[in-house]
Amino acid sequence: AHHLFSAGGVDWLVVNLGFWQPPPPEALTWADGLIKAHPDRHVIIGQHSLIWGSGNWTAEGQVTWNALRDNENVKLMLCGHRIDDEHGHRVDLFDDRQVHTIMINYQDWEDTNGWNGGDGYLHLAEVSHQGRRAAFTTWSPWLQQHSPHPRGEFTINLGNPGDVTTDGVVDVLDILAVIYAWGSCEGCIEDTDLSMSVGVDDLLL
């Protein structure tokens, strides 16, 4: 399935793939053609299994990444399924651009309420800065509360490597941001204006 929507002045395409081990070639050919038919849309790929909690690719995730990574408008890949950890995250660089892959699965997590099959926790993403930044939070409509999990909230940069100010341009402001962060707290700082962690490793010029 796929979905088209526009938000925040940005056009998006969501491509949902099924649960295969590995995905069949015809499914990946369909997804690749769909993405290439919408070159001006930012793309989110959803698949049941992509990465482990460690951030390593699953077998089916590696196949999907290899098949679709040449599409420069792919910004984000999302999955669940794995129960080795509640959260997983990796960032891949391909042709001087970065793609985030995020896994969330609370089904085996025991919080202060004990084990309740995940308590209905959902990952919510608020995208801003013309699609260049995404702030994630985890919310349960069942409990009417945010997740107390230490990795339940975080922010990622969907822009180009080095664009730590998420303004769409890699320039001296990014250099100053990293220098400030590096000198202030041993390589990282929680910047209240940007709501993101900035480290020297973010500046890949």
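1. Starting with the surface: the protein exposes about 10600 Å², and carbon and sulfur atoms supply 54% of that area. Keep in mind throughout that this is a predicted model. Of the 205 residues in the protein, 45% are buried.

2. On the overall make-up, I see three helices and 14 strands. Take the contacts between residues at least 6 apart in sequence: 55% of them join residues at least 24 apart.

3. The core is where I'd look next. The largest nonpolar core has 20 residues, and V15, I35, V43, I45, V74 and M77 are the ones with the most contacts inside it. Elements giving two or more residues to this core are β2 (10–16), α1, β3 (42–46), α2, β4 and β6 (97–104). Helix α1 supplies the largest share, four residues. Another core lies apart from that one; it has ten residues, with W12, I44, I156 and L158 among them. As background, nonpolar side chains in soluble globular proteins tend to be buried together.

4. V15 is a handy way into the main core, being one of the residues with the most contacts inside it. Setting aside residues up to four places away in sequence, V15 touches A1, H2, W30, A31, L34, I35, V43, I44, I45 and G46. Two of the names on that list, I35 and V43, also figure among the residues with the most contacts in the core. I44 turns up on the V15 list too, although I44 is named in the other core.

5. Now the charges. The count comes to three salt bridges. In one of them the side chains of D32 and K36 meet at 2.7 Å, N to O. D32 and K36 sit four residues apart in helix α1 (residues 25–36), so about one helical turn separates them. K36 also forms a salt bridge with D70, at 3.5 Å, N to O. D70 is in the loop between α2 (59–68) and β4 (74–79) while K36 is in helix α1, so this pair ties together parts that are 34 residues apart in sequence. How exposed are the two partners? K36 is partly exposed, at 42% relative accessibility, and D70 is partly exposed as well, with a relative accessible area of 46%. Through shared partners, the salt bridges join D32, K36 and D70 into one network.

6. There is also the pair D92 and R90, whose side chains meet in a salt bridge at 2.7 Å, N to O. Are D92 and R90 buried or exposed? Both are buried, whereas K36 counts as partly exposed.

7. Aromatics deserve a look as well: a search of the whole structure finds four aromatic pairs. W57 and W65 are stacked, with 5.7 Å centre to centre and 20 degrees between the planes. W65 also pairs with F94; the ring centres are 6.3 Å apart and the planes at 80 degrees, so this pair is edge-to-face. W65 belongs to helix α2 and F94 to strand β5 (residues 87–94), so the pair ties together parts 29 residues apart in sequence. W57 counts as buried at 13% relative accessibility, and W65 does too, at 5%. Taken together, ring pairs link W57, W65 and F94 into a cluster.

8. A polar detail in strand β10 (residues 133–140): this is where T137 lies. Why does T137 count as buried? Its relative accessible area is 17%, and the cut-off for buried is under 20%. The side chain of T137 makes a polar contact with the side chain of E153, at 3.4 Å. Beyond its neighbours within four places in sequence, T137 is in contact with L122, H123, L124, H146, G152 and E153.

9. Last, a backbone point to check by eye. Which residue other than glycine has a positive phi, near 60 degrees? That is Q144. For context, most residues other than glycine have a negative phi. Q144 is placed in the loop between β10 and β11 (145–146). With a relative accessible area of 54%, Q144 is exposed, while T137 in strand β10 is buried.

How values were computed
Residues numbered from 1 in each chain as written. Predicted model: local features only at pLDDT ≥ 70, side-chain atom pairs only at ≥ 80, totals over all residues. Heavy atoms only, no water. Buried < 20%, exposed > 50% of the residue type's maximum accessible area, 1.4 Å probe, protein only. Polar contact = N/O pair within 3.5 Å; in protein donor to acceptor, adjacent residues only side chain to side chain. Contact = heavy atoms within 4.5 Å. Areas by Shrake-Rupley, 256 points an atom, 1.4 Å probe, with all protein chains shown as cover. Salt bridge = Lys/Arg side-chain N within 4 Å of Asp/Glu carboxyl O. Core = buried A, V, L, I, M, F, W, Y, C linked by side-chain atoms within 4.5 Å. Phe/Tyr/Trp six-rings, centres within 6.5 Å; stacked < 30°, edge-to-face > 60°.
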